[in-house]
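Notebook open, coffee poured. I want to go through burial, charge pairs and the chain contact in turn.

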Amino acid sequence: MNFALNLNYFLVLAAALFCVGIYGLISSRNVVRVLMSIELMLNAVNVNLLAFSNYIDPQNIRGQLFTIFVITVAAAEAAVGLAIILAIYRNRQTIDMERFNLLKW
Amino acid sequence: MEVLSTADLIESLNLGLLAPEYIVTGTLIILLLVDLIWGRPVANKLPWIGLLGLGLASLALIPIWSVSNTDSFLGAFTGDPLGLLFRGIILISAAVTILMSERYIYQSGTAPAEFFVILLTATLGGMLLSGSSEMVMIFVALETLSIASYLLSGYTKLDVRSNEAALKYLLLGAASSAIFLYGMSLLYGLSGGETKLTEIAPKIATMGFPSILALVLVIAGISFKLAAVPFHQWTPDVYQGAPTPVVGFLSVGSKAAGFALAIRFMTSAFPDFATQWHTIFAVLGILSMILGNVVAIAQTSMKRMLAYSSIAQAGYVMIGLAIGTPDGYASMIYYMLIYLFMNMGAFLGVVLFGLKTGTDEISAYAGLYQKDPFLTLCLSLCLFSLAGFPPLAGFFGKLYLFWAGIQAGAYTLVFVGLVTSVASIYYYVRVVKLMVVKEPSEVVQKYTPTDWTLPGMRSLQIGLVFTLVNTVALGLASPILNFTKDSIQNTPILTTAPLAKAEKNAP
């Protein structure tokens, strides 16, 4: 058997990570966990980009560049997310998703 | 690889095309510095600095019009007429948002400088998004717009509703941008390492299922920005909870950026999958028109009703995208321009009423005519225009959209559009009838005449008159439609893609 790493393994790993992220997104009640799930989804994208960059585009490595931008933006997004969670925690003393139901029709 | 000298490199970047963006960036830095140095005493000057910057940026759009080489930053940014029009729409919507937010911020006691800076950041993101044609650029511009929008919708941080709106917007927005990114990472791999949209297109043309998967993921990400059903769940919550001026910007500026992105991404990266994405957008459009208009009928909050109405309006605009003819694109832009004024006008009315009474319940508007005929007139005209009554601008906008639809043979779409427009008349006119016919509600009985000399009220008045005049006059100004048609003709990505032009798709 050939155990050399090929592109498919990385793509499957990324897809699995992405699905774990989506599962966490819809099943978590704690807002911080939801935020972490979103980070998982973004990291799945990073794995994808890096794998493609390594196997398909080793000359220009545009994927690696893209990943740097994704990491940076994800950090900004997490910072804003935590700030909003902090603001809501100060007002409501909870970070349970199911208690945030003021806005409903 | 040839080595360029520094001068050649700078020359090849074609920096001039982003002049409006530089001005917006400069303005937001100046705003920050002015606030830092002089602080509170100059707080009432800040909106005018912002407006001046936006005005200059709009003027800077004009010379770019006739530029022949539209590639900037080595193809990452395209300054074609399509992008220019959308950048103009976003600039105007930001300007009107500043006009309506001055008094709102003053009364809510929050810091004005940061608000305008974040608003200008969102504007910058939207403008860059309208022109980006390379995936890294698209992602960064999209996130600039999104993160600024999250901050704006949570701006009144002591208000629990605003917190909740911001949180929901952030979580759903981040998730949808992750899905969008996943689609883009697949495109990067499928195209063999290309990130420019126009270079992706020929490489993925022959790949079947994987490309369709990427297409679907990308459309899911974009549809979130457009608030198309079924990616609309955040819209009513965010619109109800966020500060009203912000909602005005989200419903027009952010949506316009989304449509610019949709047109550019679809026509330049997926010209060979035109049938598929036409069908997807047709389905999204039909669902948006039906759900938006039907659920709006049941609303009791004015802001929530306008949220569903904006979902429906986005559905009408999607007709243009789903048929994918030059006329369709032209009428989309024309409708976005009209929608900018009529929707902003409606939100200006809601802001004014909310500031004076502190509520946005529809029932509170009863009998407003007896106390404030001017506000009633503004709101009524804007709502009539949204419903599509002739001779207001909204009627002509819809007329051209539906006409483009019929010419392209998309009878189902136009039929759904017509039927749901008729249904929409009910909930728009209900508000007008309530204001004019009914006895004053308790809230309105305590209503005092508006004092336009209070701080920030003058800009609100200017905004109301400005949007009102445009809502009435824009429909009668047919040069604007011809102008949008010309600009579509001059946009290479929309005219060189033969498939997109010849496709006739009537689902």
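Before anything else I fixed my burial scale: buried means under 20% relative accessible area, exposed over 50%, and partly exposed in between, with a 1.4 Å probe and protein chains only. On that scale Ser254(B) counts as buried because its relative accessibility is 2%.

Housekeeping next. This is a predicted model, so local features need pLDDT of at least 70 and side-chain atom pairs count only at pLDDT 80 or more, while totals for chains, interfaces and linings use all residues. Residues are numbered from 1 along each chain as its sequence is written, chains are lettered from A in the order in which they are written, and side-chain values use heavy atoms, leaving out hydrogens and water.

**Entry: Ser254(B).** I placed Ser254(B) in helix H11 (residues 244-269) of chain B; helices are DSSP runs of H or I with at least four residues, and they are numbered from the N terminus. Then I listed its contacts (heavy atoms within 4.5 Å). Leaving aside neighbours within four places in sequence, Ser254(B) touches Leu145(B), Tyr169(B), Lys225(B) and Phe249(B).

**Entry: H10(B).** How many of the eight residues of helix H10 of chain B are buried? I got eight of the eight for residues 234-241, so this helix is largely enclosed by the rest of the structure. The cover over its buried residues includes helices H6 (135-153), H7 (160-190), H9 (209-226), H11 and H13 (302-323) of chain B.

**Entry: charge pairs.** My rule for a salt bridge is a side-chain nitrogen of Lys or Arg within 4 Å of a carboxyl oxygen of Asp or Glu. Over all chains I count ten of them.

One involves H10(B): Arg304(B) meets Asp237(B) at 3.2 Å, N to O. Arg304(B) sits in H13 and Asp237(B) in H10 of chain B, so the pair ties together parts 67 residues apart in sequence. Arg304(B) is buried at 3% relative accessibility, and Asp237(B) is buried at 11%. Salt bridges with shared partners join Arg92(A), Glu164(B), Lys168(B), Asp237(B) and Arg304(B) into one network.

In chain A, I noted Asp96(A) with Arg29(A), closest N and O atoms 2.6 Å apart. Asp96(A) follows H3 and Arg29(A) is in the loop between H1 and H2 of chain A, so this pair ties together parts 67 residues apart in sequence. Asp96(A) is buried at 18%, whereas Arg29(A) is partly exposed at 43%.

Back in chain B, Glu21(B) pairs with Arg87(B) at 2.9 Å between the closest N and O atoms. Glu21(B) is in helix H2 (residues 19-38) and Arg87(B) in helix H4 (residues 81-108), 66 residues apart. Both Glu21(B) and Arg87(B) are buried.

**Entry: A against B.** The contact takes 41 residues from chain A and 44 from chain B. I take buried area as the accessible area (1.4 Å probe) that two parts lose on being put together, summed over both. Here that comes to about 3,700 Å², with 77% from carbon and sulfur atoms. Two salt bridges cross the interface; one of them joins Glu194(B) to Arg62(A) at 3.7 Å between the closest N and O atoms. On chain A's side, H1 (7-27), H2 (31-55) and H3 (62-92) each give two or more residues, and H3(A) gives the most, with 16.

**Entry: cysteines.** Looking for disulfides (cysteine sulfur atoms within 2.5 Å), I found zero over all chains. The sulfur of Cys382(B) is 6.7 Å from the closest one, in Cys378(B), too far for a bond.
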